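Subject: Structure for you, with notes on pockets and backbone

Hi there,

Here is the structure I promised to pass on. Please have a look when you get a moment, and my notes are underneath.

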Amino acid sequence: MDPETHKTEPSLPFPLNLIFRERVRLGTPELMRQLRQEGIELWVYTSSFRKEWYIRTLFRLYHIRFDEVVNGFRHLKEVQGNREKILPSKMPHHYGIHLHVDDEKRVVQYGKIYGFNVYRLEEQDDAWAEKLLEKVRNVKKGYQRRG
C-alpha cells in the first residue's frame with residue numbers, strides 16, 4: 001500500500017524496512033485479528049510473483065497470519081495449468097474462497113463474468129474495515145443458511 005495515497009500502518013523498523021518496503025492499509029492487523037476471532041479463514045491471493053515466504057513474513061511482521069497464500073506462481077500452476085484459454089489472474093472460487101477482496105475494478109468485472117464474489121476496496125476510506133467486516137459477516141451468514 002502506498003502511503004502517498006492511503007493511510008498505512010507505520011513502516012517496519014530498520015533494517016526490516018529495507019527488505020520489506022510495503023506497508024499494509026491502516027487498520028489491517030486489527031481487522032485480521034477480528035476476522036480470525038470470528039472463525040474466518042484468511043488467505044492472500046495476489047497476482048504478484050513475490051515468493052510465498054516473503055508474503056508470509058511481511059504480514060507476520062504486522063502480526064497477521066494467513067491460512068494459505070496464492071501468488072502468481074501458484075495460480076499459474078494450479079489454476080491456469082495447461083489451459084489454452086488464458087484465465088484471469090485471480091480465480092478465488094477455484095480454492096473455495098467465498099469472498100475475494102481487491103482494489104482493482106477489473107477483478108470485480110472478472111468476478112461477474114466467472115461467478116466469484118468480490119468486494120472492492122475503494123480509494124482511501126477511513127471506514128473501509130467496518131464496511132468489509134460487515135460484508136464478511138453477511139457472506140458468512142449466507143453460507144451458514146445454505147449449510
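Below is what I found, going from the open pockets to the enclosed space and then to two backbone details. Please keep in mind that this is a predicted model.

**The largest pocket**

The largest pocket holds about 1400 Å³ of space. Its lining counts 43 residues, and W43, V44, Y45, F66 and V101 are the closest to its centre. If you want to trace the walls, look at α2 (28-37), β1 (43-45), α3 (52-61), β3 (100-102) and α6 (128-146), each of which supplies at least two lining residues. The most comes from α6, which gives seven residues. Sorted by class, this lining has 24 nonpolar, nine polar and ten charged residues.

**The second largest pocket**

For the second largest pocket the volume is about 230 Å³. Here 14 residues form the lining, with G27, E30, W128, A129 and E130 the closest to the centre. Two helices, α2 and α6, each supply at least two residues of this lining, and α6 has the largest share with four. The classes divide into five nonpolar, three polar and six charged residues. So you will meet α6 in both places: α6 gives the most to the lining of the largest pocket and also the largest share to that of the second.

**The cavity**

How many cavities of 30 Å³ or more does the structure hold? There is one, and its volume is about 40 Å³. Its lining is made up of R25, Y119, R120, L121, E122, E123, D125 and W128. Five of these lining residues are charged and three are nonpolar, while none is polar. W128 is worth clicking on, as this residue lines the cavity and is also among the residues closest to the centre of the second largest pocket.

**Two backbone details**

Towards the start of the numbering, F14 and P15 are joined by a cis peptide bond, with omega at about 0 degrees. P15 sits in the segment before α1 (16-19).

The other detail is H63, which has a positive phi of about 65 degrees although it is not a glycine. You will find H63 in the loop between α3 and β2 (68-70). Is H63 buried or exposed? H63 is exposed, because its relative accessible area is 62%, and the cut-off for exposed is over 50%.

Happy to talk any of this through once you have had a look.

Best wishes

Conventions
Residues are numbered from 1 along each chain as its sequence is written. This is a predicted model: local features need pLDDT of at least 70, side-chain atom pairs count only at pLDDT 80 or more; totals for chains, interfaces and linings use all residues. Side-chain values use heavy atoms; hydrogens and water are left out. On a 1 Å grid over the protein atoms alone, a cavity is a set of points where a 1.4 Å probe fits but cannot get out, and a pocket is an open set with protein on both sides within 12 Å along at least five of seven lines; lining residues have an atom within 4 Å of a point. Grid points are joined across faces, edges and corners, and a volume is the space filled by probe spheres set on the points. Ala, Val, Leu, Ile, Met, Phe, Trp, Tyr, Cys and Pro count as nonpolar, Asp, Glu, Lys and Arg as charged, and the others, Gly among them, as polar. Buried means under 20% relative accessible area, exposed over 50%, partly exposed in between (1.4 Å probe, protein chains only).
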